[in-house]
Amino acid sequence: MKKCLICNSDISPFISYGDMPIANGFLSPDKFQNEYFFHMQVAHCENCSMVQLIETPDREMMFNENYAFFSGTSLAMKQHFKEFAEDVNKRFLNNQDPFVVEIGSNDGIMLQNFKEWGIRHLGIEPSANVAKVAMEKGINTIVDFFDEALANKIVAENGQADAFIAANVMCHLPYFHSIVAGISKLIKKTGIVVFEDPYLGDVIEKISYDQIYDEHTFLFSVSSINFIFKEHGMEVIDVIHQETHGGSMRYIIGHKGERDISKEAIQQMSKENSLGLNNPETYIQFRQNCESSKKLFKNLLVDLKSQGKTVAGYGATSKSTTILNYSDIGPDLIKYICDNTPIKQGKYSPGKHIPIVPIETFRGNYPEYVVLFAYNHAKEIMEKEKEFTANGGKWILYVPNVHII
Ligand code: SAH
Ligand code: TMP
Ligand code: ZN
């Protein structure tokens with residue numbers, strides 16, 4: 001029997017997505033033979049309500065010097081993180097010489113703001129290639145995995161932090177107790193924790209199961225986050241829903257009793273109860289929804305192929321690895337996927353080996369249909385690609401349901 005990573009209760013999977021490769025593991029043909037796969041199954045813990053992967057690959061297999069996701073590829077996300085940083089600065093950094101620590105700081109998309117404002121900062125980023133981009137911008141960065149041991153080291157060298165911040169990384173960390181224990185030592189008594197990740201409530205509601213892949217060990221809810229932080233003497237004091245990544249939640253956390261708990265935080269927890277996020281039935285229904293969504297998507301592509309239409313993909317996202325492998329969709333149904341990340345171009349998609357090409361390939365010879373895998377950047381991308389639409393090109397989306405626009 002598998003044990004919950006948070007509370008050690010027995011858990012069993014409610015869905016299997018089959019064998020999955022490394023979601024960001026874009027590869028060249030010489031690596032096809034030895035490509036790594038793991039069995040991707042998801043469970044919901046009835047005790048602490050955490051939704052989690054049963055098995056995850058070793059962290060070094062996912063986060064290393066060849067990491068393919070550069071946060072700065074999206075202008076909208078740059079703006080989003082500027083606002084995130086401004087909010088933290090305005091509300092929580094009013095003392096003299098404040099110190100901010102960010103984990104998963106990637107190419108410095110968030111910390112560059114603190115750097116510009118002359119605020120003492122430190123990024124923790126194990127993927128050396130993306131960390132290098134940040135360091136070249138003058139952003140203080142340690143190339144390592146954050147955990148309790150590293151937190152102790154940071155405190156010994158820099159003193160405690162006023163704010164611990166993170167985006168789209170906390171849900172990546174199966175050694176979550178070590179992370180939270182580290183945070184509780186790292187921040188001052190009056191210190192604050194602010195992080196955001198894709199929100200379980202949105203995934204269930206929008207059937208965006210493509211948020212589930214190797215890196216995403218957890219799908220958080222306010223209830224499950226409050227459960228684990230409480231075990232380490234902290235508590236959720238506020239939550240703010242975000243539109244990023246198809247629906248995320250920002251959690252604001254402090255040491256127990258240090259700050260008032262907002263009514264939004266309390267209301268969101270009871271809303272989760274009434275939405276059934278703590279109820280096993282919800283996950284049985286979710287599995288059925290995933291299965292029908294997969295069938296609809298695949299049938300559409302098979303149908304378009306039989307009509308002789310050309311279909312491409314837009315945005316070689318890590319999310320697309322789940323949908324392509326789960327639905328068994330390869331280059332016969334999607335000719336190529338275009339993406340603006342140089343390290344992905346010229347390689348092939350994990351598992352299904354669809355060629356990844358520069359955006360210019362798409363612009364030079366439009367297909368009739370394009371699947372928008374980066375649907376979370378729809379506004380930014382559709383604005384850039386107005387000409388495709390003006391030329392009669394059609395976008396295929398699959399969240400919240402399979403549709404063509
Ligand atoms: N915060 C950025 C990047 C998210 S991608 C954004 O929202 O766009 C997740 C990042 O977390 C990757 O760059 C990965 O290398 C990093 N990461 C993974 N494990 C980590 C750990 N234990 N400590 C710090 N960073 C970690
Ligand atoms: P994400 O959904 O995980 O943020 O990944 C988005 C992917 O889409 C990433 O590989 C970069 C790519 N992309 C483009 O190719 N063009 C764009 O305009 C944007 C915003 C993203
Ligand atoms: Zn549990």
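Biologist: From which domains does the shell around ligand 2 draw its residues, with at least three from each?

Modeller: In this predicted model, at least three residues of the shell come from domain 1 (1-53 + 308-405), and at least three come from domain 2 (71-278). Around ligand 2 there are 19 residues, and the closest are Lys319, Asp339, Lys344, His377 and Lys384. Among the helices, H13 (residues 378-384) deserves a mention, since this helix gives the most to the shell, with 3 residues.

Biologist: How do you know that the side chain of Thr341 makes a polar contact with an oxygen atom of ligand 2?

Modeller: The cut-off for such a pair of N or O atoms is 3.5 Å. An N or O atom in the side chain of Thr341 is 3.4 Å from an oxygen atom of ligand 2, and the pair therefore counts as a polar contact. The side chain of Asn376 passes the test as well, with an N or O atom 2.9 Å from an oxygen atom of the ligand, and for Lys319 the distance between a polar side-chain atom and a ligand oxygen is 2.6 Å. Of the 480 Å² of accessible area that ligand 2 has on its own, 97% is covered by the protein.

Biologist: What makes up the shell around ligand 2, by class?

Modeller: The shell contains 9 polar residues, together with 5 nonpolar and 5 charged ones.

Biologist: And which residues are the closest to ligand 1?

Modeller: They are Ser71, Gly104, Glu125, Ser127 and Asn168, out of 20 residues that surround this ligand. By class, the shell around ligand 1 has 13 nonpolar residues, 6 polar residues and 1 charged residue.

Biologist: How do you know that the side chain of Asn106 has a polar contact with ligand 1?

Modeller: An N or O atom in that side chain is 3.1 Å from an oxygen atom of the ligand, which is within the limit of 3.5 Å, so the pair qualifies. Two further side chains can be judged by that limit: a polar atom of Ser71 lies 2.8 Å from a ligand oxygen, and an N or O atom of Asn168 is likewise 2.8 Å from an oxygen atom of ligand 1. Taken alone, ligand 1 exposes 580 Å², of which the protein buries 98%.

Biologist: Why is helix H6 described as largely enclosed by the rest of the structure?

Modeller: Helix H6 (residues 176-186) has 11 residues, and 8 of them are buried, so the description follows from that count. The buried residues of H6 include Phe176, Ile179, Ile183 and Leu186, and Gly182 and Ser184 are among them too.

Biologist: Asn8 and Ser49 both sit in loops; why is Asn8 called exposed or buried, and what about Ser49?

Modeller: Asn8 has a relative accessible area of 53%, and because exposed means over 50%, Asn8 is called exposed. Ser49 has 7%, and because buried means under 20%, Ser49 is called buried. The loop of Asn8 runs between strand E1 (2-3) and strand E2 (10-11), while that of Ser49 lies between strand E4 (38-44) and strand E5 (51-53). Asn8 is not a glycine and yet has a positive phi of about 70°, and the description fits Ser49, also with a phi of about 70°.

Biologist: How do you know whether Val203 is buried or exposed?

Modeller: Its relative accessible area is 2%, and this is under 20%, so Val203 is buried. Val203 is part of helix H7 (residues 200-206), and, leaving out residues up to four places away in sequence, Val203 touches Ser208, Tyr209, Gln211, Leu219 and Phe286. Ser320, in helix H11 (residues 318-326), can be judged in this way too: at 2% relative accessibility, Ser320 is under the 20% limit and therefore counts as buried. With residues up to four places away again left out, Ser320 touches Gly315 and Phe373.

Biologist: Which form, cis or trans, does the peptide bond from Val399 to Pro400 take?

Modeller: The bond is cis, with omega near 5°, and Pro400 lies in the loop between strand E18 (394-397) and strand E19 (403-404).

Biologist: Finally, how many residues does the contact take from domain 1 and from domain 2, and what separates their centres?

Modeller: Taken over C-alpha atoms, the centres of domain 1 and domain 2 are separated by 25 Å. The contact takes 35 residues from domain 1 and 35 residues from domain 2.

Conventions:
Residues are numbered from 1 along each chain as its sequence is written. Chains are lettered from A and ligands numbered from 1 in the order in which they are written. This is a predicted model: local features need pLDDT of at least 70, side-chain atom pairs count only at pLDDT 80 or more; totals for chains, interfaces and linings use all residues. Side-chain values use heavy atoms; hydrogens and water are left out. A residue is near a molecule or strand if one of its heavy atoms lies within 4 Å of it. A polar contact is a pair of N or O atoms within 3.5 Å; within protein, one must be able to donate a hydrogen and the other to accept it, and residues adjacent in sequence count only if both atoms are side-chain atoms. Accessible areas come from the Shrake-Rupley method with a 1.4 Å probe; for residues, only the protein chains shown count as cover. Helices (H or I, at least four residues) and strands (E, at least two) are DSSP runs, numbered from the N terminus. Ala, Val, Leu, Ile, Met, Phe, Trp, Tyr, Cys and Pro count as nonpolar, Asp, Glu, Lys and Arg as charged, and the others, Gly among them, as polar. Domain bounds come from an automatic or database domain assignment. Buried means under 20% relative accessible area, exposed over 50%, partly exposed in between (1.4 Å probe, protein chains only). Contact means heavy atoms within 4.5 Å.
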